[in-house]
Amino acid sequence: MTGDSEDPNADVQYHLEVSADDVADTVLLPGNPERLEKIVDHWDDHEIRAHHREYRTATGSYEGTPISVTSTGIGSPSAAIAVEELARVGSETFIRVGSCGALQEDMAVGDLVISTGGVRQEGTSDEYVREDYPATADYEVVAALVAAAERLDYDYHTGITMSADSFYAGQGRPGYDEFEAAGADELVDQLVEANVKNIEMEASAIFTLANIYGLRSGAVCSVYANRQTGEFRTEGESRAAETATLATHLLAKMDEKKREAGAERWHPGLSLAE
């Protein structure tokens, strides 16, 4: 499938090369295209629908719930393109599935972080809305991710995530030849004091765009590094993928409960008990 137009209203989207028939209502958004295979391993079935640049899309099902995944590449500019084009073909819920650096000392490598909101240190969302507009995850998505982590018995944390525009200078790390950005020596300490839980590079832009467009979004990231203890391991990727997959199924059940009750939003009175 090849998109031949930059028209944002074209049936086939320019960057993702997907149309409305290619994606489900809920789309998981990993950064790394290679992470797609680890995500679909948790599904009952899947089919690759498109692959163009960093954007790789598959659609399938889990426990009867349709589900899609689109990789976004690294950073908020490309993540925003994914949200824009997926929204244009009908997707309504977006869950970032990624990795992160933890900021609080009690957060272990391999733990999950479920974001409730974001510090907009990235510049992409500034091009959409004023800088004091909050980046918040949808509470239904947060609730589904928490319920999924609880059911799977995975260690998790909830709280505010900082999204940066660079992996090195923007996250307080030295650049080439020990270059140090202005304020880099204070950045991590300031975030720790403010009880920010983790740093990554896409969540706050995804949250901001979703809120602007009246869509749902959330994020679950596995902790690869703890910036306080210096511990680093690539661990927990599969847990984040499984949690997001189960959360998608739980969101579908929440939506069904809302329809049955005639409610606009899910609330704890609409039990998800089997």
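**Chat about strand β6, two cysteines and two loops**

Reader: Hey, I'm looking at Ser115. Which residue in β8 is its bridge partner?

Author: That's Gly159 in β8. Keep in mind that this is a predicted model.

Reader: OK, so how do β6 and β8 run, parallel or antiparallel?

Author: Parallel. Strand β6 covers residues 112–120, β8 covers residues 156–163, and the two pair over 8 bridges.

Reader: What about β6 and β10, how many bridges there?

Author: There are 3 bridges between β6 and β10, and these strands run antiparallel. Strand β10 spans residues 216–226. For a spot to click on, try Leu112, whose bridge partner in β10 is Ser222.

Reader: And β7, in which sense does β6 pair with that one?

Author: Antiparallel, over 2 bridges, with β7 made up of residues 135–136. In that strand, Ala135 stands opposite Gly118.

Reader: How many of the residues in β6 are buried?

Author: 7 of its 9 residues are, so the strand counts as mostly covered.

Reader: Switching topic: how many disulfides does the structure have?

Author: 0, after a search of the whole structure.

Reader: Why is Cys100 not bonded to Cys221?

Author: Because the two sulfurs are 5.0 Å apart, which is too far for a bond. The cut-off for a disulfide is within 2.5 Å. Cys221 is the cysteine whose sulfur is closest to that of Cys100. Looking from the other side, the nearest cysteine sulfur to Cys221 is that of Cys100, and Cys221 is in no disulfide.

Reader: Is Cys100 buried or exposed?

Author: Buried, with a relative accessible area of 6%. Cys221 counts as buried too, at 1% relative accessibility.

Reader: Now the backbone. What's the phi of Asp153?

Author: Asp153 has a positive phi of about 60 degrees, although it isn't a glycine. Most residues other than glycine have a negative phi.

Reader: Where does Asp153 sit?

Author: In the loop between α3, residues 139–152, and β8. Asp153 is exposed there, with a relative accessible area of 67%.

Reader: And what about the phi of Asn195?

Author: That one is positive as well, at about 65 degrees, and Asn195 is not a glycine.

Reader: Which loop is Asn195 in?

Author: Asn195 is found between α4 (184–193) and β9 (198–200).

Reader: How exposed is Asn195, in terms of relative accessible area?

Author: Partly exposed, at 42%.

Note on methods:
Residues numbered from 1 in each chain as written. Predicted model: local features only at pLDDT ≥ 70, side-chain atom pairs only at ≥ 80, totals over all residues. Heavy atoms only, no water. Buried < 20%, exposed > 50% of the residue type's maximum accessible area, 1.4 Å probe, protein only. Helix = DSSP H or I, 4+ residues; strand = E, 2+ residues; numbered from the N terminus. Pairing = 2+ DSSP bridges.
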